[in-house]
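Visitor: Please take me slowly through a single part of this structure, and explain each term as it comes up.

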Amino acid sequence: MSTLAAVVLFIGILGYAVFGGADFGAGFWDLVAGGTKRGGRPRAVIDHSIAPVWEANHVWLIFIFVVLWTSFPTAYASITLTLFVPLTIAAFGIVLRGASFAFRKSVLSTRDRRTFGALFAVSSVMVPYCFGAIAGAIASGRVPDGGVAGDPWESWVNPTSILGGILAVCVCSYLAAVYLVWDARRLSDDTMVEYFRVRAIGAAIIAGTVAFVGIFVLANDAEYLFDGLTSRALPLVILSAACGVGSLLLLIRANHQGARLAAAGAVAAVIVGWGVAQWDYILPESLTVEDAAAPSGTIGAVLVATVLAVLFIFPAIAFLFVLDQRGLLPEEGVSGPVNESGEETQALT
Amino acid sequence: MVPMLSTLTSLLAVNPVPWARSQMAFTLAMHIILVPLGVSWAAMTLIANYKAIKHDDRDALLLAQRWSKYMAVTFAVGAVTGTVLSFEFGLLWPRFMGQWGQAFGVPFAFEGLFFFTEAVFVSIYIFGWKRLKPWTHFWTGIPIVLAGVMGSVSVIAANAWMNSPSGFTLNDAGDIVEVNPWEVIFNDAMPLMAAHMVVAAYVVGGFLVASVYAVGMLRGRRDRYHRLGFLIPFSVACLAIPVQMGVGDALARWVYNNQPMKFAAIELVPETSSDVPETLFGHLNDEGEVVGGIPIPGFASWLSDPADGTATVIQGLNSFPEDERPTYRQANVVHLAWDIMVGLGTLLFLLALWYWACWIFRKDMPQSKVFLWIASAAGVLSVITMEAGWVVSEVGRQPWIVYNLMKVEDAATGNTGVWMTFIGVIVLYAALAFTTIYVLRGMSRRFRRHEEAGETDDYGEEDVPYGPSSRPAPHDEHSSSESDADLEPQDVS
Ligand code: HDD
Ligand code: HEM
Ligand code: HEM
């Protein structure tokens with residue numbers, strides 16, 4: 001039972017990283033797109049790729065919280081007590097991101113747009129950094145068991161956490177760039193395809209380098225995790241590296257669809273690898289998954305809800321995609337929006 | 001750097017409990033304003049949609065289309081504020097979640113399920129306007145209504161569990177060893193509280209939407225479109241409010257039987273007695289005597305149990321140990337909030353009577369300015385009513401976070417920086433509220449401008465904050481023309 005709950009938890013983390021991560025990464029590219037003139041075009045592609053999905057991917061995060069507080073309540077209490085600061089920053093960042101993204105579309109003056117655009121971009125970097133640091137804090141065993149607070153600062157300002165934070169930002173940017181290549185292609189904008197392709201390759205190399213350096217950081221700072229990564233989880237580490245290199249090659253050969261899948265695969269393998277490496281601890285070396293687990297009644301309920309979610313939501317989402325692909329109804333679709341000015345179509349999202 | 005930070009932390013250390021309470025209360029009070037819209041607006045939209053298809057009514061169709069777009073915005077803001085709440089459970093009340101999360105948390109697993117379903121169907125509904133046949137499209141709206149109701153019922157189940165915890169077994173150390181999810185969700189307080197909240201959602205949502213059109217009518221927009229925009233939500237609210245009075249009455253009796261301390265605070269009863277008067281306003285002074293107010297002799301006793309009439313005994317606050325019941329000051333807050341809820345609720349009920357009376361005797365809605373003035377205020381008034389009801393429920397539970405099992409001060413975080421996060425939250429929410437209103441008004445202006453220019457509405461897929469990218473494949477004319485517009489440098493406008 002407790003193992004199943006842990007698996008469900010990691011599915012949530014996986015979903016958030018692969019789907020939500022790309023949203024955050026898009027914000028990073030927004031940040032570094034340059035001045036108003038130069039950055040205008042890449043920003044337009046970025047807007048396109050996240051505009052219609054106003055923060056729906058945070059559902060994954062909520063799911064992670066719910067699984068944690070129902071199925072592993074004591075671990076959850078320890079985490080929130082110890083990591084109060086980065087969690088608070090992340091919460092603020094999420095609201096700020098949503099609000100400023102919406103606002104930057106609605107305000108008209110360039111100066112205001114810039115302010116809100118900057119808020120949006122900075123929070124997009126801050127939030128994944130915090131989540132990465134939180135993962136680092138947990139993985140390096142800095143969150144003590146028993147619902148007591150560990151050190152409020154050292155717990156997340158330490159080598160593993162800094163590594164986690166930087167890696168998270170790199171990975172998000174990498175995912176986003178790869179997805180943005182795809183989006184730019186959908187918009188048939190070849191200049192932007194090239195623009196993001198170069199950046200995707202750069203991000204892939206940087207993320208790979210950080211991950212490689214990270215191995216040495218972990219060897220010194222998070223031994224349990226390091227041991228796990230070099231034994232139990234080794235196949236996953238190798239898989240991740242292979243996917244990463246693969247996506248790099250596919251990018252160079254301009255196979256964008258393949259690159260997308262390989263990139264997602266690389267990230268997914270790292271995350272599963274993290275889970276396997278710290279198994280069977282939920283808080284390494286102080287609390288095992290089994291000891292942390294709630295009574296079977298609770299876990300059963302969470303599993304039922306998860307299964308129902310799969311049964312309800314997947315068909316619904318599939319239906320949505322079918323609608324999206326499908327043409328307009330002949331008798332009704334004729335008066336589609338005449339091209340409105342940019343302000344008009346964007347005002348809401 | 002780390003030691004320096006630690007010094008800083010200890011300098012700024014302030015007792016977190018009052019701040020945590022305030023932050024929780026503030027963020028919940030904001031979130032709950034969006035909830036009625038998320039729960040009831042879809043139903044009203046479907047009524048308009050039905051009318052549009054059945055009677056080939058262009059005005060109703062326009063209303064339904066626009067409402068579905070506004071709904072998407074309020075839904076998205078509800079999701080953002082809801083996300084903050086889920087952070088807060090852990091950040092502010094870690095000990096509560098650590099000890100009781102395994103029971104209290106269960107309903108939230110289902111809440112997530114329902115709200116996500118709702119979100120997806122909101123997208124489908126908006127996408128469907130130009131992609132589905134009218135009736136098929138209508139039916140894709142039904143899951144929004146159901147999921148909205150079920151979602152809020154799930155959250156209320158969690159709140160009701162705090163009032164009447166059940167469905168778990170404790171060992172000698174007081175830790176939970178077994179959980180019965182069914183009994184957690186269907187706890188004693190849940191059915192009535194859930195009913196009261198769902199009906200409240202229809203009352204508040206109805207009055208809130210109607211009030212916008214009432215303002216429009218007062219400004220002289222008396223066309224059929226505005227009339228319909230008023231009639232549909234207002235009728236929904238006016239149907240719901242009598243039901244709400246009945247459910248509220250039953251809920252009050254449940255509180256009388258199961259949460260005597262809360263009831264004593266509601267009725268402002270310091271000492272146990274029979275023949276208790278119903279005191280309107282008034283408060284308890286430091287000695288715990290009732291001061292001021294207008295007493296209606298024997299009425300509180302009579303209401304608590306009409307069968308026994310004024311002989312019904314009501315337990316007083318002082319019959320409970322001082323540290324296990326609300327303080328006098330909290331009791332005063334509860335009592336005032338109670339007066340506000342029941343007072344405004346009665347007022348809204350009278351407004352509904354006026355409305356129905358006119359329909360019955362004159363076959364039309366009341367036309368007078370006074371009526372429209374009150375109707376435009378009804379939106380805000382009903383929100384205040386609902387907030388007051390929540391204050392009754394939440395402050396009346398003090399000092400318990402889990403009734404009779406855990407006190408709030410034992411549940412709170414030990415982090416002493418909560419006062420800073422609270423200030424941050426207030427600033428952030430002010431900005432969020434401003435954004436939301438700004439965006440909604442912008443939409444409304446845009447719709448009107450289009451109308452004046454004689455254009456039809458677009459179906460507004462660009463406006464959908466959820467769902468997959470709305471850019472169809474490049475061969476589609478609409479997408480390419482639009483992307484041209486988007487690819488202009490940003491500072492053009
Ligand atoms: C428009 C909204 C509205 C209206 C007209 C009323 N209420 Fe209410 N009331 C609520 C909205 C609300 C609420 C905000 O939805 C609460 C908070 C918790 C809950 O379940 O419902 C609530 C709570 C609440 C409680 C406390 C429940 C608890 O703590 O468990 C009682 C006893 C009543 N109500 C009773 C009444 C009575 C007797 C009313 C008739 C005059 C009434 N309410 C009108
Ligand atoms: C299902 C929904 C809700 C849940 C699970 C919930 C939960 C909580 C929790 C955990 C606390 C802190 C502990 C305590 O002070 O007792 C609290 C306090 C509070 N909540 Fe709620 N709440 C809910 C809805 C609301 C709403 C909608 C409001 C709207 C006004 C509200 C108003 C308050 C207030 C005023 C307090 C502070 C009470 C005090 O400390 O005196 N709650 N709530
Ligand atoms: C009276 C109590 C509450 C009710 C009736 C309620 C209802 C709703 C509704 C209807 C939505 C959908 C958004 C919308 O329509 O605006 C929503 C969103 C949300 N609420 Fe609440 N809520 C309540 C309190 C809470 C509390 C205490 C939490 C804390 C965990 C919470 C967490 C959320 C979350 C996470 C979302 C976003 C869901 C998503 O993105 O799919 N809600 N809530």
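Guide: Helices (H or I, at least four residues) and strands (E, at least two) are runs assigned by DSSP and numbered from the N terminus. The model is predicted, with local features needing pLDDT of at least 70 and side-chain atom pairs counting only at pLDDT 80 or more, while totals for chains, interfaces and linings use all residues. Residues are numbered from 1 along each chain as its sequence is written, chains are lettered from A and ligands numbered from 1 in the order in which they are written, and side-chain values use heavy atoms, leaving out hydrogens and water.

The part to look at is the surroundings of ligand 2, around which stand 21 residues (each with a heavy atom within 4 Å). B:Arg21, B:Leu28, B:Glu394, B:Arg397 and B:Gln398 are the closest of these. The iron atom of ligand 2 has one donor from the protein, an OE atom of B:Glu394 at 2.1 Å, where donors are N, O and S atoms within 2.8 Å of the metal (3.2 Å for Na, K and Ca), and sites may look incomplete because water is not among the atoms. B:Glu394 itself belongs to helix 13 of chain B.

Polar contacts, which are pairs of N or O atoms within 3.5 Å, join the ligand to further side chains. The side chain of B:Arg397 places an N or O atom 2.8 Å from an oxygen atom of ligand 2, and that of B:Gln398 does so at 2.9 Å from an oxygen atom of the ligand. A nitrogen atom of ligand 2, for its part, is 3.4 Å from a polar side-chain atom of B:Asn159. The elements that contribute two or more residues to this shell are helix 2, helix 6, helix 13 and strand 7 (400-402) of chain B, and helix 2 gives the largest share, with six residues.

By kind, the shell of ligand 2 holds 15 nonpolar, two polar and four charged residues, where Ala, Val, Leu, Ile, Met, Phe, Trp, Tyr, Cys and Pro are counted as nonpolar, Asp, Glu, Lys and Arg as charged, and the others, including Gly, as polar.

Helix 2 of chain B also leads on to another ligand, since B:His31 lies in this helix and its NE2 atom, 2.2 Å away, is the single protein donor to the iron atom of ligand 3. Ligand 3 lies between chains A and B.

Key: A polar contact is a pair of N or O atoms within 3.5 Å; within protein, one must be able to donate a hydrogen and the other to accept it, and residues adjacent in sequence count only if both atoms are side-chain atoms.
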